[in-house]
Amino acid sequence: MCTTCGCGDDSKPVVVNMETGQSHPVSNDSPDHSHSHDHGHEHSHDHTHDHSHSHDHPHDHDHSHSHDHSHSHDHRHDHGQLHATETSTTITLEANILAKNDRLAERNRGFFQALNILAVNLVSSPGSGKTSLLERTISDLKTEMQFYVIEGDQATLNDAERIKRTGAPVVQINTGAGCHLDAEMLARGLTELNPPKDSIIMIENVGNLVCPALFDLGEKCKVAVLSITEGEDKPIKYPHMFRAAEILLLNKIDLLPHLKFDLDACKNYALSVNPKIKIFEVSATTGQGLDSWYSWLKANLQHHAKSVEKVL
C-alpha cells in the first residue's frame with residue numbers, strides 16, 4: 001500500500017465471492033504467501049522486511065567546576081540528518097512497494113495472456129457513472145462476449161449487487177482504508193472469479209483519480225470515465241491518470257444541453273496530457289455513442305486473440 005495516500009497496513013482488504021457469499025481477507029501478514037489459479041497460473045509473493053535503525057547519542061560530560069554556569073542564550077539542535085534519513089527511507093519503501101506490485105502485475109498479465117483474456121481497468125472519480133456504464137455494456141453485449149467483473153470499493157457490496165443482476169459473475173473487493181486496487185488484490189479476486197478462456201475481465205477500480213494511476217494490475221489498459229458534471233479541466237488537474245489511460249469515456253453526454261461544460265476544451269485538455277488517448281462521447285442512460293465503445297472492445301478482444309496465437 002501507499003505511504004503517502006492514506007493507505008496502510010490497517011486497510012485490511014477483503015474479497016467477497018458474490019456467488020457463494022464467502023469473504024476472504026487479502027492477507028499481507030504472512031512473510032510468504034501465494035495465490036494459485038485453477039489454470040496452472042500461480043502468484044507467489046515474498047515479503048522481506050529488514051529495517052535496522054541505530055541511534056547512538058554519546059553524551060559524556062565531566063563537570064568538575066564548583067561554580068554555577070548560567071546561559072541566557074538558547075540552545076537549538078537541528079537534526080537535519082534524521083529528517084534526511086526519514087525521507088530516504090520513505091522513498092525507498094514506496095519504490096519497493098511499487099516494484100513488488102509490478103512483479104505481481106506481470107504475473108497477472110501472464111495469466112491473462114495464457115487464457116486470451118482481455119482485462120480492462122475502469123478508473124474515475126466517484127459519481128462518474130462507471131457502474132452504470134458497466135451495467136449497460138454487459139447488458140448490451142452479453143450475448144456476444146463473456147463478461148467477468150471485479151468490483152473495487154472501500155466498503156459495501158452495492159455495486160457488485162448491481163452487476164450481479166446483469167447475470168455476469170462478479171467478485172467484490174472491499175479495500176477498507178485503501179484508496180485503490182493493487183495487483184495482489186486482483187490476483188486474489190481472480191482466484192475467486194475463476195474466469196475462462198476468451199473472456200473479458202472488467203475491473204471497476206476504487207473511485208479515485210490519483211493512486212490507481214500508479215498501480216499496474218496487469219490489465220490490457222486503463223479506461224478513464226469522466227462525467228461532464230465534473231468540469232472540463234479534470235484532465236489537467238489529474239494528468240497522471242489521463243496520461244496512463246488509453247481510452248477516455250466522456251459520460252453523461254445527454255446532460256450537455258443543461259450544463260455549462262466546454263466539450264472541446266475538455267478534449268483538448270485530455271489530448272494535451274496524452275496525445276494518443278482515444279475519446280468516446282457516451283451516455284449510459286440514452287446509449288448515445290456506446291457503439292464506438294463497443295466496437296473498441298470487440299476489436300481489442302480479437303486483436304488480443306491474434307497476439308496470443310502469434311506467441312504460441
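A residue counts as buried when its relative accessible area is under 20%, as exposed when that area is over 50%, and as partly exposed in between (1.4 Å probe, protein chains only). Trp293, with a relative accessible area of 1%, is therefore buried. Keep that scale in mind as we walk through the model together.

A word on the ground rules comes next. This is a predicted model, in which local features need pLDDT of at least 70 and side-chain atom pairs count only at pLDDT 80 or more, while totals for chains, interfaces and linings use all residues. Residues are numbered from 1 along each chain as its sequence is written, and side-chain values use heavy atoms, with hydrogens and water left out.

Let us stay with Trp293 for a moment. Trp293 shares helix H8 (residues 290–311) with Trp296, and the two are three residues apart, about one turn of the helix. Helices here are DSSP runs of H or I with at least four residues, strands are runs of E with at least two, and both are numbered from the N terminus. Trp296 has 7% relative accessibility, so Trp296 is buried too.

Now look at the rings. A pair of aromatic rings is described by the distance of the centres and the angle of the planes. Rings of Phe, Tyr and Trp (its six-membered ring) pair if their centres lie within 6.5 Å; planes under 30 degrees apart count as stacked, over 60 as edge-to-face and the rest as tilted. The structure holds two aromatic pairs. In one of them, the centres of Trp293 and Trp296 are 5.7 Å apart and the planes meet at 10°, so this pair is stacked. Phe111 and Phe112 also form a pair, with 5.8 Å from centre to centre and 50° between the planes, which is tilted. Both Phe111 and Phe112 are buried.

Next, find strand S5. In a regular strand the side chains alternate between the two faces of the sheet. Are the faces of S5 covered or open? Both are covered: Leu118, Val120 and Leu122 are buried on one side, and Ala119, Asn121 and Val123 are buried on the other. That fits the count for the strand, where six of six residues are buried.

What are the neighbours of S5? Two strands pair if DSSP finds at least two bridges between them. S5 pairs with strand S8 (residues 200–204) in the parallel sense over five bridges, and four bridges join S5 to strand S9 (residues 221–227), again running parallel. Asn121 makes a handy landmark: its bridge partner in S8 is Ile203, and in S9 Asn121 stands opposite Lys222.

Follow the chain out of S5 and you enter the loop between S5 (118–123) and helix H2 (130–141), where Ser125 lies. Ser125 has a relative accessible area of 10%, so Ser125 is buried. The side chain of Ser125 makes a polar contact with the side chain of Glu230 at 2.3 Å. A polar contact is a pair of N or O atoms within 3.5 Å; within protein, one must be able to donate a hydrogen and the other to accept it, and residues adjacent in sequence count only if both atoms are side-chain atoms.

Charged side chains offer another route through the model. A salt bridge is a side-chain nitrogen of Lys or Arg within 4 Å of a carboxyl oxygen of Asp or Glu, and the whole structure has 13 salt bridges. One of these joins Arg188 and Glu192 at 3.1 Å, N to O. These two residues are four apart in helix H4 (residues 183–193), which means about one helical turn separates them. Arg188 is buried at 15% relative accessibility, and Glu192 is buried at 18%.

Another salt bridge links Lys267 and Glu281, whose closest N and O atoms are 2.3 Å apart. Lys267 lies in helix H7 (residues 263–273) and Glu281 in strand S11 (residues 278–281), so the pair ties together parts that are 14 residues apart in sequence. Lys267 is partly exposed at 21% relative accessibility, and Glu281 is partly exposed at 27%.

We finish with two loop residues. Thr156, in the loop between strand S6 (147–153) and H3, has a positive phi of about 75° although it is not a glycine. Lys252, in the loop between strand S10 (245–251) and H7, has a positive phi of about 65° and is not a glycine either.
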